[in-house]
Amino acid sequence: MLDQPSEISVRPSTEEDVPAMLSIYAYHVQHGVGDYVTEPLHPEDIKRRRKSMLKHRLPHLVAERGGAIIGYAYAVPFRKRPAYRYAVKHSIYVHKDHLRMGVGRQLLPALIEACAGAGYRQIISYVDAENTASLLLHDSFGFERIGVLKSIGFKFGKWTDTVLMQRALGEGDASLPLALALPADPR
Ligand SMILES: CC(C)(COP(=O)(O)OP(=O)(O)OC[C@H]1O[C@@H](n2cnc3c(N)ncnc32)[C@H](O)[C@@H]1OP(=O)(O)O)[C@@H](O)C(=O)NCCC(=O)NCCS
């Protein structure tokens, strides 16, 4: 009998996951359209980012299969100014050898649920207009294509468009937000 691939599980990341996340990221920076960073990250960058996310009660998740980290996703504040404190933007990356196997389908809803649970009300994604996989993944989890930022990037020798995608979290704007443990309204 053939070995069945083991189940994918999603859990909060730990510092021990940093090297695996870096290697997933480094591949996509070099080969993909998923990110506009053109230099690989330093381990300390991911460590710092994780700590900052945890401070804001924002999720930093990994997907694991058979003990190996095969993807990760995290959310960051949309903008620093306090009026934007109920909005987040996120990133999601799947290991090159595990693409199109349902990892994104597990990570993205877990991220959405964690952000909603923490009291955030809107989630934003900037997706390269040629990144069909990401556009379709986000479509299928209720993100709306809000608009296109034309020729906003320059990567691999050409101008690139970015699609702004957005989804409400929890009650969205249907009710007033509960106070987050974040800076108060400016007076
Ligand atoms: C985008 C990404 C996270 C999707 O993750 P994934 O685990 O490969 O996706 P899944 O297997 O869960 O597929 C979910 C859906 O996404 C879409 N999709 C995924 N890969 C696709 C591809 N190569 N072509 C077309 N659609 C694709 C499909 O709608 C798919 O559903 P289906 O398989 O039922 O048709 C992954 O391709 C990735 O890490 N890309 C590089 C980094 C990146 O671009 N990140 C997003 C930045 S905005």
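What follows is a short dialogue on reading features of a predicted model.

Q: Let's start with the overall layout. How many helices and strands does the chain have, and which pattern do they follow along the sequence?
A: Welcome! Since this is a predicted model, everything we discuss is computed from its atoms. The chain has four helices and seven strands. Reading along the sequence, you meet them in the pattern β-α-α-β-β-β-α-β-α-β-β. As for burial, 41% of the chain's 187 residues count as buried.

Q: How should I read a helix that has one covered side, and which residues of α3 are buried?
A: An α-helix has 3.6 residues a turn, so residues three or four places apart point the same way. Now take α3: Val103, Gly104, Leu107, Leu108, Leu111, Ile112 and Cys115 are buried there. Looking down the axis of α3, the buried residues fall within an arc of 145°, so they line one face of the helix. Turn to the other side of α3 and you find Arg105, Glu113 and Gly117 exposed.

Q: What span should α3 have, and how far apart are its end C-alpha atoms?
A: This is a nice check to do by hand. Helix α3 covers residues 103–117, and at 1.5 Å a residue its 15 residues should span 21 Å. The C-alpha atoms at its ends are 21 Å apart, which agrees with that expectation. After α3 comes Gly119, and the phi of Gly119 is positive, near 100°.

Q: Now a strand. Which residues of β2 point one way, and which the other way?
A: In a regular strand the side chains alternate between the two faces of the sheet. In β2, His60, Val62 and Glu64 point one way, while Leu61, Ala63 and Arg65 point the other way. Here both sets are buried. Strand β2 spans residues 60–65, and six of its six residues are buried, so it is mostly covered.

Q: Which strands are joined to β2, and how do they run?
A: Look on both counts at the bridges. Strand β1 (residues 8–12) is joined to β2 by five bridges, and the two run antiparallel. One pairing to look up is Ser9, whose bridge partner in β2 is Glu64. Strand β3 (residues 68–77) is joined to β2 by six bridges, again antiparallel. For that pair, look at Leu61, whose bridge partner in β3 is Ala73.

Q: What lies between β2 and β3?
A: The two strands form a hairpin with two residues between them. Gly66 sits in the turn and has a positive phi of about 55°.

Q: Let's move to charged side chains. How many salt bridges does the structure hold, and which residues are linked in a network?
A: There are eight salt bridges in the structure. Arg11, Asp17 and Glu64 are linked in a network of them. Within that network, the side chains of Arg11 and Asp17 meet at 2.8 Å, N to O. Arg11 is partly exposed, with a relative accessible area of 23%, whereas Asp17 counts as buried at 5%. You have already met Glu64 as one of the buried residues of β2.

Q: Which parts of the chain do salt bridges tie together?
A: Here are two cases to compare on screen. The side chains of Lys51 and Glu15 meet in a salt bridge of 3.1 Å, N to O. Lys51 lies in helix α2 (residues 43–55) and Glu15 in the loop between β1 and α1, so this pair ties together parts that are 36 residues apart in sequence. Lys51 is exposed at 52% relative accessible area, and Glu15 is partly exposed at 31%.

The other case is Glu130 with Lys158, whose side chains meet at 2.9 Å, N to O. Glu130 lies in the loop between β5 and α4, and Lys158 in strand β7 (residues 158–168), so the pair ties together parts that are 28 residues apart in sequence. Glu130 is exposed, with a relative accessible area of 52%, while Lys158 is partly exposed at 38%.

Q: Last one: which residues form a nonpolar patch on the surface?
A: Find Tyr126, Leu149 and Ile152: together they form a nonpolar surface patch with about 280 Å² of accessible area. Ile152 lies in strand β6 (residues 144–155). Ile152 counts as exposed because its relative accessible area is 54%, and the cut-off for exposed is over 50%.

Key:
Residues are numbered from 1 along each chain as its sequence is written. This is a predicted model: local features need pLDDT of at least 70, side-chain atom pairs count only at pLDDT 80 or more; totals for chains, interfaces and linings use all residues. Side-chain values use heavy atoms; hydrogens and water are left out. Patches are made of residues with over 30% relative accessible area and no salt bridge: like charges are joined within 9 Å, nonpolar side chains (Val, Leu, Ile, Met, Phe, Trp, Tyr) within 5 Å. Accessible areas come from the Shrake-Rupley method with a 1.4 Å probe; for residues, only the protein chains shown count as cover. A salt bridge is a side-chain nitrogen of Lys or Arg within 4 Å of a carboxyl oxygen of Asp or Glu. Buried means under 20% relative accessible area, exposed over 50%, partly exposed in between (1.4 Å probe, protein chains only). The expected span of a helix is 1.5 Å times one less than its number of residues. The arc is that of the directions from the helix axis to the C-beta atoms. Two strands pair if DSSP finds at least two bridges between them.
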